[in-house]
Amino acid sequence: MSTAVEVDDLSFAHTAADLPALGRVSFRVPAGESVALLGPSGAGKTTLLALLDGRLQGWSGRVSVLGAPLDPDRPPPSVRRPDTGFVFQEFALVERSSVLRNVLNGRLGRMSPLRALMGSPTKHDLEIARTALADCGIADLAERRVDSLSGGQRQRVVIARCLAQEPRLILADEPVSNLDPARAGEILALLAGAAQARGATALFSSHQPDLARRFAQRIIGIRGGRIAFDVPTSELNEDATAELYREVEPIPGIGLRAVS
Ligand SMILES: Nc1ncnc2c1ncn2[C@@H]1O[C@H](COP(=O)(O)OP(=O)(O)O)[C@@H](O)[C@H]1O
Ligand SMILES: [Mg+2]
């Protein structure tokens, strides 16, 4: 089976940060798998996903995404960008535009530069956008303005926009963290189901073990920028999960002990 993501001995520190955000991270995701990155706030989930999306430079190690190595010194060439879709917590929707327009924005990377500039989709672009809307259960909202939608509906638009892009890899950074538990489950099921139906690989981050367990085939636990465990979901161990969330204990006289 081909490999969607391969990370080998990856380390990275944000500019002006005292500690590295990622330390000696290695893992491999086969094409088509759904994987959760599970860890507490500050673990390095957002950093890792942004790096895989080609948005961070200056790291060490080897990283391959969809068969092509990333360059630690420069962002990936624009022709490769549409193959990776990103879903994140902040919506980045065009508030005053319709749902359909927003979902069509997902097609921009697949359009000729002239069409993208003029914002004139082909019939094919429209078909794909409408299918994405239907798959996300919001076909009836196509003409509604985004600023009139609820949080759950907005997140469905974000996912539909990502699907319209026809990505082979979906990176989702805590895609449901701002929704109530019932809504969060629904939307994550939608994302995982749509990825699977399309044969796309999905890598999503979560700080909630229950959600990760329900929607991923495999769980990578991350804490302090390091991989704590990497197991099939059926083998997720309660103790290992608890350890991931253990408070950093203060050591008298020294202050906070660094998480290593
Ligand atoms: N832009 C930044 N500049 C400096 N430090 C950062 C920046 N973004 C994140 N960090 C630090 O990197 C570590 C990992 O953060 P992050 O990847 O956001 O974790 P998570 O998404 O798991 O909460 C944290 O210690 C955080 O404070
Ligand atoms: Mg984060």
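**Exercise 1. Place F229 in the predicted model and list its contacts.**

Solution. Start with secondary structure: in this predicted model, F229 belongs to strand β10, which covers residues 226–232. Next, take the accessibility. The relative accessible area of F229 is 11%, and buried means under 20%, so F229 is buried. Then collect the contacts beyond four places in sequence: F229 touches I219, I220, G221, L236, A240, T241 and L244. One of these, A240, lies eleven residues from F229 along the chain, with 7.7 Å between the two C-alpha atoms.

**Exercise 2. Is R218 buried or exposed, and which side chain makes a polar contact with the side chain of R218?**

Solution. R218 is part of strand β9, residues 218–223. With a relative accessibility of 11%, R218 counts as buried. The polar partner is D230: the two side chains make a polar contact at 2.7 Å. D230 also appears in the contact list of R218, which leaves aside neighbours within four places in sequence. That list further holds F27, R28, V29, P30, E33, S34, V35 and A36, together with V231, P232 and T233.

**Exercise 3. Describe the surroundings of ligand 1.**

Solution. Begin with the shell. Ligand 1 is surrounded by H14 and A21, and by P40, S41, G42, A43, G44, K45, T46 and T47. Sorted by class, this shell has three nonpolar, six polar and one charged residues.

Now go through the polar distances.

- H14: an N or O atom of its side chain is 3.3 Å from a nitrogen atom of ligand 1.
- G42: a polar backbone atom is 2.6 Å from an oxygen atom of ligand 1.
- K45: a polar side-chain atom is 2.8 Å from an oxygen atom of ligand 1.

Finally, consider the cover. Ligand 1 taken alone exposes 560 Å², and the protein buries 57% of that.

**Exercise 4. Work out where H14 is located and how accessible H14 is.**

Solution. H14 is located in the loop between β1 and β2. The relative accessible area of H14 is 34%. Buried means under 20% and exposed means over 50%, so at 34% H14 is partly exposed. Setting aside residues up to four places away in sequence, H14 touches A21, T47 and L56. For a longer-range pair, take Q57: H14 and Q57 are 43 residues apart in sequence, and their C-alpha atoms are 9.5 Å apart.

**Exercise 5. How many residues of helix α1 are buried, and what follows the helix?**

Solution. Helix α1 runs over residues 45–52, and seven of its eight residues are buried. They are K45, T47, L48, L49, A50, L51 and L52. Of these, K45 has already appeared with a polar side-chain atom 2.8 Å from an oxygen atom of ligand 1. After α1 comes G54, with a positive phi near 80 degrees.

**Exercise 6. Check the length of helix α5 and describe its packing.**

Solution. Helix α5 has 14 residues, 151–164. At 1.5 Å a residue, the helix should span 20 Å, and its end C-alpha atoms are 20 Å apart, so the two values agree.

For the cover, twelve of the 14 residues are buried, and α5 is mostly covered. The buried set includes G152, R154, Q155 and R156. It also includes V157, V158, I159 and A160.

For the packing, the buried residues of α5 lie against two strands, β6 (84–87) and β7 (169–173). They also pack against the helices α2 (99–105), α4 (123–135) and α6 (181–197). Just after α5, E166 takes a positive phi of about 55 degrees.

**Exercise 7. Where are A16 and R24, and are they buried or exposed?**

Solution. Take A16 to begin with. This residue sits in the loop between β1 (3–12) and β2 (22–30). A16 is not a glycine, yet its phi is positive, about 70 degrees. The relative accessible area of A16 is 82%, so A16 is exposed.

R24 is in strand β2. R24 is not a glycine either, and its phi is positive at about 50 degrees. With a relative accessible area of 56%, R24 is exposed.

**Exercise 8. Classify R183 by accessibility.**

Solution. R183 is in helix α6. Its relative accessibility of 37% makes R183 partly exposed. The C-alpha atoms of R183 and N105 are separated by 25 Å, with their places 78 residues apart along the chain.

Definitions and conventions: Residues are numbered from 1 along each chain as its sequence is written. Chains are lettered from A and ligands numbered from 1 in the order in which they are written. Side-chain values use heavy atoms; hydrogens and water are left out. A residue is near a molecule or strand if one of its heavy atoms lies within 4 Å of it. A polar contact is a pair of N or O atoms within 3.5 Å; within protein, one must be able to donate a hydrogen and the other to accept it, and residues adjacent in sequence count only if both atoms are side-chain atoms. Accessible areas come from the Shrake-Rupley method with a 1.4 Å probe; for residues, only the protein chains shown count as cover. Ala, Val, Leu, Ile, Met, Phe, Trp, Tyr, Cys and Pro count as nonpolar, Asp, Glu, Lys and Arg as charged, and the others, Gly among them, as polar. Helices (H or I, at least four residues) and strands (E, at least two) are DSSP runs, numbered from the N terminus. The expected span of a helix is 1.5 Å times one less than its number of residues. Buried means under 20% relative accessible area, exposed over 50%, partly exposed in between (1.4 Å probe, protein chains only). Contact means heavy atoms within 4.5 Å.
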